[in-house]
Amino acid sequence: MSFLNPSPAPDTRDRILSAAVKVFSTKGYHDTKVDEIVEESDTSKGAVYFHFPSKQRIFLAIVEEFTGLLEKKLLEAIEREPDGVRRVNAALQIGLETFGKYRSIAKIFLVQASGLGQTFEETRLDILARFAAVIKGYLDQAVAEGDIPPLDTEVASYAWIGAINEVVIRWVHTGQPEPERVLPTLRTILLRSIGVSEDRIHQLEQESAR
């Protein structure tokens, strides 16, 4: 069981992570004190340091668990689709839905993890590279199947990551535009960018609306 899908009686570690999400998302990493996480989690400083040797490890644990959940959801959605274009579309939809469900963690993952030093930056870049590799793999499949014209799929995958990142960061800060509003427009823009035909885009829109 993860703090992202808590049980009715979460264990101490999950309570600490859930509390840390609330405090980090409100105060930011640098202004958060371990004592505040202790108070929010209704545990003790000894319990916090038993599970996490530092505030940094708490922060990284949140990022790592969210990344694992997002990867799991992406792969489950992708495996249900029969071809490369549908798989890329499914990845986009599930990614936005997951960020929408976990807005506080999205703020930590996409905003606060940037600019917090080399350890955080290496972790953030590694995570983005993993997701870009997933997108690249299915773009390669779409090229091989003739669904899209040949292109540099590595560059395209990072361009997709960048576009998604910017839209979600704006939503995290302002609440606009909502993920359900973003998906149709962003899907059209990104699929056009890799050469998917207008008829195929329209077909995907109809399938998603069902």
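## Arg 57 and Glu 64

At 31% relative accessibility, Arg 57 is partly exposed. The model is a predicted one. The side chain of Arg 57 meets that of Glu 64 in a salt bridge, with N and O 3.5 Å apart. Glu 64 is partly exposed as well, and its relative accessible area is 40%.

Why do both residues count as partly exposed rather than buried or exposed? Partly exposed covers the range between the two cut-offs: buried is under 20% and exposed is over 50%. Glu 64 has 40%. Arg 57 has 31%.

## Salt bridges across the chain

Side chains of opposite charge can pair when their charged atoms come close. How many salt bridges does the count come to? The count is 14.

One of them joins Arg 13 and Glu 65. The closest N and O atoms of this pair are 2.5 Å apart. Arg 13 sits in helix α1 (residues 12-27), while Glu 65 belongs to helix α4 (residues 55-79). The pair therefore ties together parts that lie 52 residues apart in sequence. Is Glu 65 buried or exposed? Glu 65 is buried, because its relative accessibility of 19% falls under the 20% cut-off. Its partner Arg 13 is partly exposed, at a relative accessible area of 28%.

## Asp 83, Arg 200 and their network

Asp 83 and Arg 200 also form a salt bridge through their side chains, at 3.0 Å from N to O. Arg 200 lies in helix α10 (residues 198-209), and Asp 83 is assigned to the loop between α4 and α5. These parts are 117 residues apart in sequence, so the pair ties together distant stretches of the chain. Asp 83 is buried. Arg 200 is buried too.

Which residues are linked with Asp 83 and Arg 200 in a network of salt bridges? The other members are Arg 86, Asp 147 and Glu 207.

## Ser 41 in helix α2

Ser 41 is part of helix α2, which spans residues 34-41. Ser 41 is buried, since its relative accessible area is 5% and the cut-off for buried is under 20%.

What lies around Ser 41? Setting aside neighbours within four places in sequence, Ser 41 is in contact with Arg 15, Ile 16 and Ala 19. A polar atom of the Ser 41 side chain also lies 3.1 Å from the backbone oxygen of Val 38.

Definitions and conventions:
Residues are numbered from 1 along each chain as its sequence is written. This is a predicted model: local features need pLDDT of at least 70, side-chain atom pairs count only at pLDDT 80 or more; totals for chains, interfaces and linings use all residues. Side-chain values use heavy atoms; hydrogens and water are left out. Helices (H or I, at least four residues) and strands (E, at least two) are DSSP runs, numbered from the N terminus. Buried means under 20% relative accessible area, exposed over 50%, partly exposed in between (1.4 Å probe, protein chains only). A polar contact is a pair of N or O atoms within 3.5 Å; within protein, one must be able to donate a hydrogen and the other to accept it, and residues adjacent in sequence count only if both atoms are side-chain atoms. Contact means heavy atoms within 4.5 Å. A salt bridge is a side-chain nitrogen of Lys or Arg within 4 Å of a carboxyl oxygen of Asp or Glu.
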